[in-house]
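Trainee: I should like to work through this entry with you, beginning with its charged side chains. May we look at the structure together?

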Amino acid sequence: MHDGWLGALDALGVLLVLLLLVLVVVAVWLVVRRRTISRDGATFELSHRVRDQRPGRGWVLGVGRYTGESLEWFRIFSLSPRPMRVWNRDEIAYVARREPEGPEEGSLYAGHVVVVCQTPNGDVELAMSESSLMGFQSWLESGPPGTNWDAKPLR
């Protein structure tokens with residue numbers, strides 16, 4: 001009977017070591033992933049509201065990266081090396097900004113503002129710092145040569 005308990009404890013110890021090993025591997029992968037994302041261009045804190053059914057809810061923390069004509073959004077806690085969303089410069093338009101309200105204040109990074117943008121698929125809400133917003137607006141305005149500045153808004 002005593003041997004049964006020892007065997008169970010040994011098995012539990014092995015499971016705990018394996019769990020710890022998996023956690024270390026995941027943590028290392030998240031660091032490597034973040035460095036890989038940053039390697040191809042500077043990143044900045046960028047949250048995206050993926051669900052808007054409940055007021056103030058649905059925000060997911062992430063990082064943004066500009067790659068030429070696109071803004072890529074990566075979830076912070078994801079194992080995927082690919083962006084979860086990509087917005088092309090010619091398909092996104094800045095509409096407005098506002099301060100976080102109610103539950104948003106606890107869901108977003110401190111000091112971030114909510115930015116409402118328009119795309120062909122509907123409105124998109126992003127949250128970023130004031131300095132990142134200035135960079136975002138500059139990126140939107142610095143379209144390639146031949147950009148039609150007289151084009152009608154996306155609405």
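Trainee: In this predicted model, which residue forms a salt bridge with Glu125, the closest N and O atoms being 2.9 Å apart?

Mentor: The model is predicted, so side-chain atom pairs count only at pLDDT 80 or more. The pair links distant parts of the chain, with Glu125 in strand E9 and its partner in strand E7 (residues 93-98), 27 residues apart. The residue that forms this salt bridge with Glu125 is Arg98.

Trainee: Which residue meets Glu125 in a salt bridge of 2.7 Å, N to O?

Mentor: This pair also links distant parts of the chain: Glu125 lies in strand E9 (residues 122-128) and the partner in strand E2 (residues 47-49), 76 residues apart. The side chain that meets Glu125 at 2.7 Å is that of Arg49.

Trainee: Is Arg49 buried or exposed, and what is the relative accessible area of Glu125?

Mentor: Buried means under 20% relative accessible area. Arg49 has 13%, and therefore counts as buried. Glu125 is buried as well, because its relative accessible area is 16%.

Trainee: Is Glu104 buried or exposed, and which residues are linked with it in a network of salt bridges?

Mentor: Glu104 counts as buried because its relative accessibility is 2%. Arg98 forms a salt bridge with Glu104, the closest N and O atoms being 2.8 Å apart; Arg98 itself is partly exposed, at 22%. The residues linked with Glu104 in the network are Arg49, Arg98, Glu101 and Glu125.

Trainee: Turning to the surface, which residue of helix H1 (residues 2-39) is exposed, with a relative accessible area of 54%, and what is the area of the nonpolar patch it helps to make?

Mentor: A residue counts as exposed over 50%, so the value of 54% places Leu20 in that class. Leu20 makes the nonpolar surface patch together with Val22, Val24, Val26, Val28, Trp29, Val32 and Leu79. The area of this patch is about 670 Å².

Trainee: What share of the 155 residues is buried?

Mentor: The protein has three helices and nine strands, and exposes about 10200 Å², of which carbon and sulfur atoms supply 60%. Buried residues make up 31%.

Trainee: Over which residues is the pLDDT below 50?

Mentor: The protein averages a pLDDT of 84, and 85% of the residues score at least 70. One stretch falls below 50, although it has 13 contacts in the model beyond near neighbours in sequence. Where pLDDT is low, the predicted coordinates should not be read in detail. The stretch in question is residues 148-155.

Methods:
Residues numbered from 1 in each chain as written. Heavy atoms only, no water. Patch = residues over 30% accessible without salt bridge, like charges linked within 9 Å, V, L, I, M, F, W, Y side chains within 5 Å. Areas by Shrake-Rupley, 256 points an atom, 1.4 Å probe, with all protein chains shown as cover. Salt bridge = Lys/Arg side-chain N within 4 Å of Asp/Glu carboxyl O. Buried < 20%, exposed > 50% of the residue type's maximum accessible area, 1.4 Å probe, protein only. Helix = DSSP H or I, 4+ residues; strand = E, 2+ residues; numbered from the N terminus. pLDDT = per-residue confidence, 0-100. Contact = heavy atoms within 4.5 Å.
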